[in-house]
Amino acid sequence: MSRKALITGITGQDGSYLSEFLLDKGYEVHGLVRRTSALNRQRIDHLFNLEEYHDGKNLEVKLHYGDLTDSSSLIKVIEKVQPDEIYNLAAQSHVKISFEIPVYTSEVTGIGVLRLLEALRKIDNKSVKFYQAGSSEVFGLNPSSPQNELTSFRPRSPYGASKAFAHNITVNYREAYKLFLCNGILFNHESPRRSENFVTRKITLGAVAIKLGLQHSLALGNLEARRDWGYAKDYVEAMWLMLQQDQPDDYVIATGESHTVRDFCEKAFSFLNLDYEKYIKIDPKYFRPTEVDNLVGDASKAKKILGWKNKTSFDELIKIMVEADYEYLEKQMKQK
Ligand code: NAP
Ligand code: G4F
């Protein structure tokens with residue numbers, strides 16, 4: 001019989017790649033989706049045409065309505081699906097926006113995790129394995145470098161503080177109730193499926209739009225912040241690996257390299273034979289009240305225990321994103 005996975009946040013960037021990964025492994029995949037006035041399932045639409053996607057294999061994706069702010073929906077879905085593994089990827093995941101909706105962000109990204117853990121406790125099935133999508137944003141201000149599982153947390157945003165709570169409560173429930181709960185502390189990971197208001201996708205889409213004559217400049221905020229950027233498709237494997245171990249634990253997942261936002265711009269524009277300095281405009285509205293200046297992760301524990309290592313270089317990632325956005329915008333232009 002197939003193993004069953006329940007993914008919250010299935011409509012997001014990581015949810016879509018994780019669904020593909022688990023279907024390939026033969027899982028029955030269930031996803032929690034929110035009610036929205038217009039359907040927002042572009043990233044997973046292709047998974048419902050399973051004949052085409054999986055060569056006629058009998059694999060399933062099923063969606064269930066629910067929300068991390070609604071405990072009753074979480075209990076109901078877990079009782080109905082009876083998953084072997086739960087991947088909690090749902091979150092209000094935008095750092096800058098978390099300053100504008102701090103209470104909501106804490107409700108979803110922080111307390112939402114506790115609601116799920118309580119639902120798990122209520123069904124009282126100790127064999128369910130749980131993955132919590134943690135973030136390098138927890139390291140925040142002047143962390144020692146590179147950051148690993150022992151680096152202390154000093155979050156710099158309502159989002160980071162919510163993820164720190166989520167991490168700590170997951171550890172606490174693991175110890176207190178002997179549940180199989182893991183935190184992945186993932187550094188930034190990107191792809192052509194990244195939402196357009198995160199900096200990498202904003203840059204690749206903007207650079208291609210400039211190349212195609214659709215826009216003349218690109219407004220950004222802080223170009224000096226450093227991030228450790230990997231490819232989302234590589235990172236979902238690490239989530240799964242954490243749940244295949246005998247013991248639950250927490251792991252940093254990162255490339256080990258950091259680059260500035262400026263470096264990213266320079267590379268993305270140069271793939272299109274453009275000089276970024278001619279097109280980038282600085283707009284103070286994109287600066288944050290408090291910034292995380294420098295993130296770079298040390299994933300040696302994941303390498304040693306999970307056998308995971310980064311596969312896609314910084315240059316390859318940018319190339320994948322620029323090429324995908326070129327194809328995407330060219331298609332849009334032809335349709336007009
Ligand atoms: P994303 O694209 O923003 O996806 C977030 C998902 O959460 C979407 O499916 C969204 O649904 C869902 N969601 C939001 N609020 C919800 C709620 N109240 N109830 C139920 N579902 C809700 O994020 P991502 O990049 O895939 O990241 C996945 C997870 O990893 C997030 O928890 C994020 O914070 C964390 N993370 C990401 C990174 C990264 O670099 N990508 C790094 C570290 C950690 P809608 O489609 O309806 O909005
Ligand atoms: O792309 P960003 O918005 O990602 P950020 O804030 O690092 O958060 C992402 O990674 C976290 C992992 O560390 C995740 F937990 C989180 O969910 C999310 O996926 O911004 C990256 C950097 C920041 O320093 C920001 O100030 O880019 C800088 N930036 C400069 N101009 C900009 C812009 N960011 C955005 N979003 N938009 C700009 O115009």
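These are my notebook entries on two ligands, the salt bridges, the cysteines and one buried serine in a predicted model.

**Entry 1. Ligand 1**

I began with the residues around ligand 1. I found 25 residues surrounding the ligand, and the closest are Thr 11, Asp 14, Asp 67, Ser 93 and Tyr 159. I then sorted this shell by class, which gave 10 nonpolar, 10 polar and five charged residues.

Next I looked up individual polar contacts. Asp 67 places a polar side-chain atom 2.8 Å from a nitrogen atom of ligand 1. Leu 68 takes part through its backbone, with a polar atom 3.0 Å from a nitrogen atom of the ligand. His 189 also uses its backbone: an N or O atom there lies 2.9 Å from an oxygen atom of ligand 1.

I noted how far the protein covers this ligand. Ligand 1 taken alone exposes 910 Å², and 91% of that is buried by the protein.

Which elements give two or more residues to the shell around ligand 1? I listed helix 1 (13-24), helix 5 (102-123), strand 5 (129-135) and helix 6 (158-177). Strand 5 gives the most, with three residues.

**Entry 2. Ligand 2**

I repeated the search for ligand 2. Its surroundings comprise 23 residues, and the closest are Ser 135, Ser 136, Tyr 159, Arg 288 and Glu 291. By class, I recorded nine nonpolar, eight polar and six charged residues in this shell. I noted that Tyr 159 is listed among the closest residues for ligand 1 and also for ligand 2.

I looked up three polar contacts here. A polar side-chain atom of Tyr 159 lies 2.7 Å from an oxygen atom of ligand 2. The backbone of Asn 197 brings an N or O atom to 3.0 Å from a nitrogen atom of the ligand. Val 199 has a polar backbone atom 2.8 Å from an oxygen atom of ligand 2.

For coverage, I recorded that ligand 2 alone exposes 720 Å², of which the protein buries 95%.

**Entry 3. Ser 98 and Tyr 159**

I followed Tyr 159 to another contact. Its backbone nitrogen lies 3.1 Å from a polar atom of the side chain of Ser 98. I located Ser 98 in helix 4 (residues 95-98). Is Ser 98 buried or exposed? Its relative accessibility is 0%, so I entered Ser 98 as buried.

**Entry 4. Salt bridges**

I turned to charged pairs. Side chains of opposite charge can pair when their charged atoms come close. The structure holds 15 salt bridges, and I examined several of them.

The side chains of Glu 224 and Arg 262 form one, at 2.6 Å from N to O. I placed Glu 224 in the loop between strand 8 (218-220) and strand 9 (226-227) and Arg 262 in helix 9 (residues 261-271), so this pair ties together parts that are 38 residues apart in sequence. Glu 224 is partly exposed at 45% relative accessible area, and Arg 262 is partly exposed at 30%.

The side chains of Lys 311 and Glu 237 form another, at 3.1 Å from N to O. Lys 311 sits in the loop between helix 10 (300-306) and helix 11 (314-335), while Glu 237 belongs to helix 8 (residues 232-243), so the pair ties together parts that are 74 residues apart in sequence. I recorded Lys 311 as exposed, with a relative accessible area of 55%. Glu 237 counts as partly exposed at 22%.

I also looked up Glu 323 and Lys 319, whose side chains meet in a salt bridge of 3.2 Å, N to O. Both residues lie in helix 11, four residues apart, about one turn of the helix. Glu 323 is partly exposed at 45%, and Lys 319 is partly exposed at 39%. Elsewhere in my list, Glu 137, Arg 227 and Glu 291 are joined into one network by salt bridges that share partners. Of these, Glu 291 had already appeared among the closest residues to ligand 2.

**Entry 5. Cysteines**

How many disulfides does the structure contain? A disulfide is a covalent bond between the sulfur atoms of two cysteines. With a cut-off of 2.5 Å between cysteine sulfur atoms, I counted zero disulfides. I checked the accessibility of two cysteines. Cys 182 is buried, with a relative accessible area of 0%. Cys 265 also counts as buried, at 0% relative accessibility.

Note on methods. Residues are numbered from 1 along each chain as its sequence is written. Chains are lettered from A and ligands numbered from 1 in the order in which they are written. This is a predicted model: local features need pLDDT of at least 70, side-chain atom pairs count only at pLDDT 80 or more; totals for chains, interfaces and linings use all residues. Side-chain values use heavy atoms; hydrogens and water are left out. A residue is near a molecule or strand if one of its heavy atoms lies within 4 Å of it. A polar contact is a pair of N or O atoms within 3.5 Å; within protein, one must be able to donate a hydrogen and the other to accept it, and residues adjacent in sequence count only if both atoms are side-chain atoms. Accessible areas come from the Shrake-Rupley method with a 1.4 Å probe; for residues, only the protein chains shown count as cover. Ala, Val, Leu, Ile, Met, Phe, Trp, Tyr, Cys and Pro count as nonpolar, Asp, Glu, Lys and Arg as charged, and the others, Gly among them, as polar. A salt bridge is a side-chain nitrogen of Lys or Arg within 4 Å of a carboxyl oxygen of Asp or Glu. Buried means under 20% relative accessible area, exposed over 50%, partly exposed in between (1.4 Å probe, protein chains only).
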